[in-house]
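Please walk me through this model in the viewer, one selection at a time. What should be picked next, and what is there?

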Amino acid sequence: MYGWIWRHLPGNAWVRALISLVLALAVVYVLFQYVFPWAEPLLPFNDVTVDGQ
Amino acid sequence: MARARNRIAGAVSVFGELLITAGVLMGLFVVYSLWWTNVLADREAGRQGDRVRDSWAAEGPAAGPGALDTGEGIGFLHVPAMGGGEVLVRKGTTPEILNDGVAGYYTDPLASALPKDPQGNFTLAAHRDGHGAKFHNIHKLRDGDAIVFETRDTWFVYKVYKTLPETSKYNTEVLRPVPKESGRTAPGRYITLTTCTPVYTSDYRYIVWGELERTEKVDADRTPPEELRAS
């Protein structure tokens with residue numbers, strides 16, 4: 001999977017490493033900005049109130 | 001034969017990479033929950049707290065008494081035994097409010113009283129972990145510890161008299177104006193702190209009750225009451 005991505009990146013090893021780093025950072029950004037805030041209320045770690053529901 | 005073996009090896013390696021990816025994802029979620037949400041929440045709480053203090057300063061000491069600004073925040077909670085400085089208190093306990101790193105007073109399922117009310121229960125909730133984790137050290141509170149609530153012109157000094165380390169999240173009785181579960185039977189001026197327990201999960205709720213001991217007028221220098229000066 002990751003090998004497949006690596007083989008399809010352009011340039012030499014350094015350029016590929018750089019692109020990989022940028023891709024990884026982009027994924028982390030999307031996770032922190034969109035995916036985790038969406039997932040968090042669905043997981044039972046952070047309910048602090050007492051309520052009847 | 002060799003091709004079939006290659007295909008199996010490929011499938012195994014993809015499966016392995018998926019497992020690694022899942023592990024990294026979960027690790028990142030922990031980083032997000034326990035660190036990044038604190039960064040965001042502390043920043044936001046600081047900003048909102050500054051705005052409340054600015055509006056207090058702008059109104060000056062001449063403004064009428066009991067002018068609680070319920071829009072942005074009504075005051076600051078100081079709990080020396082929990083450490084960590086002041087906690088802004090806003091109206092409401094929805095995730096949107098609490099995720100800003102503040103404590104919220106209940107409007108639902110039982111509406112909270114306000115400290116200035118002649119009697120009732122001032123009921124608060126805040127996060128134990130992540131999003132500012134303002135009540136993280138709630139388990140360090142002991143009977144007799146001070147909980148001080150600061151408004152524009154009054155210090156409300158409460159003393160802890162009862163803790164309930166574990167209760168069901170459905171137990172809304174703890175929010176009653178007279179919290180019977182704490183052992184009190186007569187109306188009074190109570191404060192109730194609620195958060196989740198055990199740490200890092202929210203299977204149960206942790207409750208701390210306090211009772212108003214006295215109030216102090218805020219002077220021109222905003223000199224804190226002696227309970228806060230010691231720390």
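Select chain A and colour it by burial: of its 53 residues, 9% count as buried. The model is a predicted one, and the same applies to every stop below. Chain A holds two helices and zero strands. Its radius of gyration is 18 Å, well over the 10 Å that the globule rule gives for 53 residues, so chain A is more spread out than a compact globule. Turn the chain to see its extent: the C-alpha trace spans about 60 × 20 × 10 Å along the principal axes.

Next, keep chain A and add chain B, showing the residues in contact. Chain A contributes 16 residues to this contact and chain B contributes 29 residues. On the side of chain A that touches chain B, helix 2 of chain A supplies the largest share, four residues. By class, that side of chain A has eleven nonpolar, three polar and two charged residues.

Now narrow the selection to helix 2 of chain A (residues 13-39) and helix 1 of chain B (residues 2-59). The two axes come within 11 Å and cross at roughly 65°. Angles of 65 to 115 degrees count as roughly perpendicular, and helix 2 of chain A and helix 1 of chain B are therefore described as roughly perpendicular to each other. The crossing is right-handed. Show side chains here: Val28(A), Leu31(A), Phe32(A) and Phe36(A) from helix 2 of chain A make the contact with Leu28(B), Phe29(B), Tyr32(B) and Trp36(B) from helix 1 of chain B. By class, this helix contact has eight nonpolar, no polar and no charged residues.

Hide chain A and look at chain B by itself. Three helices and eight strands are found in it, and from the N terminus the elements run α-β-β-α-β-β-β-β-β-β-α. The C-alpha trace of chain B spans about 90 × 40 × 35 Å along its principal axes. Its radius of gyration is 22 Å, where a compact globule of 231 residues would have one near 17 Å. Coloured by burial, 35% of the 231 residues in chain B are buried. Among contacts in chain B between residues at least 6 apart in sequence, 60% join residues at least 24 apart.

For one pair that is distant in sequence, select Pro80(B) and Ala230(B). They are 150 residues apart along the chain, and their C-alpha atoms are separated by 8.7 Å. Pro80(B) sits in the loop between strand 1 (75-78) and strand 2 (86-91) of chain B. It has 17 C-beta neighbours inside 10 Å and counts as partly exposed.

Two cis peptide bonds come next. Zoom to Asp108(B) and Pro109(B), which are joined by a cis bond with omega about 5°. Pro109(B) is in the loop between strand 3 (103-105) and strand 4 (120-125) of chain B. Then go to Thr197(B) and Pro198(B), where the peptide bond is cis with omega near -10°. Pro198(B) belongs to the loop between strand 7 (189-197) and strand 8 (204-217) of chain B.

Finish with backbone angles. Is His131(B) buried or exposed? His131(B) is buried, with 26 other C-beta atoms within 10 Å. It has a positive phi of about 50° although it is not a glycine, and it lies in the loop between strand 4 and strand 5 (146-150) of chain B. Last, select Arg222(B), also not a glycine, with a positive phi near 55°. Arg222(B) is in the loop between strand 8 and helix 3 (226-229) of chain B. It counts as partly exposed, with 13 C-beta neighbours inside 10 Å.

How values were computed
Residues are numbered from 1 along each chain as its sequence is written. Chains are lettered from A and ligands numbered from 1 in the order in which they are written. This is a predicted model: local features need pLDDT of at least 70, side-chain atom pairs count only at pLDDT 80 or more; totals for chains, interfaces and linings use all residues. The radius of gyration is taken over C-alpha atoms; the globule rule is 2.2 Å times the number of residues to the power 0.38. A residue is buried if 20 or more other C-beta atoms lie within 10 Å of its own, exposed if 12 or fewer, and partly exposed in between; C-beta atoms are placed from the backbone. Axes are lines fitted to C-alpha atoms, for helices over the stretch in contact, and angles run from 0 to 180 degrees between N-to-C directions. Angles under 35 degrees count as roughly parallel, over 145 as roughly antiparallel, 65 to 115 as roughly perpendicular and the rest as oblique. A crossing is left-handed if the near helix is turned anticlockwise from the far one by less than a right angle, and right-handed if clockwise. Two residues are in contact if their C-beta atoms, placed from the backbone, lie within 7 Å. Ala, Val, Leu, Ile, Met, Phe, Trp, Tyr, Cys and Pro count as nonpolar, Asp, Glu, Lys and Arg as charged, and the others, Gly among them, as polar.
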